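Hi everyone, thanks for making the time this morning. I'd like to walk you through a structure, so let me put it up on the screen.

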Amino acid sequence: MTTPIEEVRRLGKAYGLLAAAFVLFVLVIAMLGQFGLPDTVTAVLVVMVTVVTYAIMGVVARTLSISGFFLSDRAVPAGFNGLATAAAVLALPFAGLAGAYFADRMLGLAATAGLLAGFVLLAVVVAPYYRKSGGITLPDYLAVRFGNPLIRVVAVAILVVVSLPVLGAAMWVGSDVAASVLHLPRHAATIAVLVLVLITALFGGMRATTFVGGAQAVVALLALLVPAVLLSIQEYGFPVPQITFGYADAATASVTEAVGVLAGKALPVAGLDGFNVLAFAVCLAFGVASFPHLVARAGAAPNIGEARRSAGWALVFVAIAATTAPALAAFARLAILRDVVGVDLADLPDWLFDYGRAGLIEVCGAAPISAAAIGTACGAGTVVKGLIPTDIALSADLVTLGFADITGLPYVLTALIAAGAIAAALATAAATVTAIAASLGNDLISRLFARRGSAGRRLVVVRVALIAVTLAAAWIVEHHADEAFAFAVAAPSVAAAGFFPVLVLGMFWGRTTFWGALLGMSTGATVTAVYAAMVVWGDLAPVPIAGLTEAGLSAAAAGIVGVPLGFVVTILVSLLTAAPGIGRREVLDAIRRPSPDPVLEDHAT
Amino acid sequence: MSDIGEAERWRDTVRLSLGAVVALVILVLFFLSLVGASGQPGYPLGLVVAISGLPIACGVLVFWYARRQERIDQRHGLYEN
């Protein structure tokens, strides 16, 4: 009989071997590519071997225990838990960060700083106390802390508003990449992603998302690192793109005209002035420290110290992606200036037309479907002198997804990047759907309406909720993908405004009362979510803030108002209501105390 | 463990947490300040140092904080293990 910790370590080794086998497999496919293996077959092989592996791991990690399903038996070592935590957020740096650096280096750096700072805050002010509380979801933790079921209901509502658009956006990214690289019909790709998300989350819950998420993080990080390292060696003879990208940047510094950027899906790269960039970074930091699916991962750590270190390891793994993104942007910009700008139209690379037909590149405001179409759109001067940088605009998402094509690397790396994008999207989707389903099933139904239900019944309820949420997200992907994306960029702001003030004050200010927390959460989240929704759906122009932003406060940065509002309301209402009683004080002291004894009860039993 | 000892331990914890957050803000501002405007000639040393240095500094901060917190807990007899 092995202990849970021994089991996780054993699986960790097995899964390290799987990662090595995957690298070997990609190398073999690359060699077959040199002997004429068709691109389509290459893509199918590379992508399918990864997704089939995730599906097998998801089934193998199935569990019938509450502790396993909700908390991976509280037995996941810090490094491994950090890898799974990083996987849950990798979709953002994978798909969006290189595009952000391509559009504006300060935006990219600010987003990087926000992400990293968020994990520091998670480690310092949230994760250890969440782990100690014995809660199994963020609403459960708040209910333990404030001792009133109403806060559980409000927290679940905020959690759904925050997480559902993120889930929809992640599933959309997965299905979009799968549809394009595997040449699948769009509906078939959505169904495939839906099935994969279900398989990786339904049977094993957090236990499965731990194991599968770790594998997905490895694939996503390899998919970013390998092309960047290979290009760094090819161009500069040194395998550290985080250093050599500076030479690419220097080589393009003399070009004063910038290549245009079309708005991507993952990050709001357009229309942000200096204030909004800074505010977005701050909101991202507070949001990462408050995202329910990231906070919940602290519960899987074996103890409080490991919960802190989990966040540290997550930071390390996210940093690998975040430091590679600027290299992708610099190398892609150099390749475009070298291979596209000033080149005879007849010699333009094929990828320009391929991505032009897919709507991911514009030249002179039109899709570059052929050299003749470019000549027509740009005029006679271009036919003679070639394109200038400002003629070209490419989707921010393409900087990563099309990197291998743009820089002339072998097609197998395009397939690898696609596999990485699908991995990152699936990991984020599985983590968010598990968080939503756990809250709906556990916090709403089992805790409020069926308190005497057996462990088996609680698991059935959560699994039914998980299926329902996944189907709802698939419906969003099919019918409201644009709205989901537009709102998903504001999700960190809403999470920050809804949860961050109460997480901080609830632990570090003993005078915080239930009513203060409830109204602070409600006000911060509602104001931020309503403002963001009205801005992204066009009902309201961004509101200027005198002296700070004339362009108006972006939806993505709305939390810069919502977070202080949440703090102020929580403090004022707490001071106006009766101080917490001795019972609440004892619960707070117990959460603060780093002893192994649980607070009241461990809800994972 | 007495209530007084527990109160002292919490006071030290708050100081450490506050110190970690202040250090985070200083680190972020410092590394952002290294980055010059786009289009400057030559190797962008400030950008490269910021992009690589910020994650390293943040990682060191988290693991340093975790170690210091455990020392505080041990000093006050409240170490979880």
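Let me start with one pair of side chains: R593(A) makes a salt bridge with E6(B), and their closest N and O atoms sit 3.2 Å apart. Before I go on, please keep in mind that this is a predicted model. As a general reminder, side chains of opposite charge can pair when their charged atoms come close.

So how many salt bridges are there between chain A and chain B? The count is two. For polar contacts across the interface of chain A and chain B, the rule finds six residue pairs, with both partners at pLDDT 80 or more.

Which parts of chain A build the side that touches chain B? Five helices supply at least two residues each: α6 (105-133), α11 (241-252), α14 (304-339), α23 (491-508) and α26 (582-592). Of these, α6(A) gives the most, with 12 residues. If you sort the residues on that side of chain A by character, you get 27 nonpolar, seven polar and seven charged.

Now the interface as a whole. On the chain A side 41 residues are in contact, and they meet 43 residues of chain B. The area buried between the two chains is about 3600 Å², and carbon and sulfur atoms give 71% of that. Three residues are worth finding on your screens: R105(A), R308(A) and P594(A) supply 18% of the area that chain A buries against chain B, more than any other three residues.

Let's stay with R105(A) for a moment, since it has a partner within its own chain. Its side chain meets that of D249(A) in a salt bridge, at 2.8 Å from N to O. D249(A) is in helix α11 of chain A and R105(A) is in helix α6 of chain A, so this pair ties together parts that lie 144 residues apart in sequence. Over all chains, the salt bridge count comes to 13.

Next, let's zoom out to chain A by itself. Its secondary structure comes to 26 helices and three strands. With a radius of gyration of 24 Å, close to the 25 Å that the globule rule gives for 605 residues, chain A is as compact as a globular protein of that length. Along its principal axes, the C-alpha trace spans about 80 × 65 × 40 Å.

Chain A is divided into two domains: domain 1 covers 4-322 + 406-592, and domain 2 covers 335-396. Taken over C-alpha atoms, their centres are 36 Å apart. The contact takes 16 residues from domain 1 of chain A and 17 residues from domain 2 of chain A.

What do these two domains bury between them? About 1400 Å², with 70% of it on carbon and sulfur atoms. On the domain 1 side, V259(A), L262(A) and I406(A) lose the most area to domain 2, together 47% of what that side buries.

And the charged and polar side of that contact? There is one salt bridge between the domains, while the count of residue pairs in polar contact, both at pLDDT 80 or more, is zero. The elements giving two or more residues to the domain 1 side are α5 (91-103) and β1 (260-262) of chain A. That side divides into nine nonpolar, five polar and two charged residues.

That's my tour, so please jump in with questions.

Terms used:
Residues numbered from 1 in each chain as written. Chains lettered and ligands numbered in written order. Heavy atoms only, no water. Contact = heavy atoms within 4.5 Å. Buried area = accessible area lost by both parts, 1.4 Å probe. Salt bridge = Lys/Arg side-chain N within 4 Å of Asp/Glu carboxyl O. Polar contact = N/O pair within 3.5 Å; in protein donor to acceptor, adjacent residues only side chain to side chain. Helix = DSSP H or I, 4+ residues; strand = E, 2+ residues; numbered from the N terminus. Nonpolar A, V, L, I, M, F, W, Y, C, P; charged D, E, K, R; others polar. Domains from an automatic or database assignment. Rg over C-alpha atoms; globule rule 2.2 N^0.38 Å.
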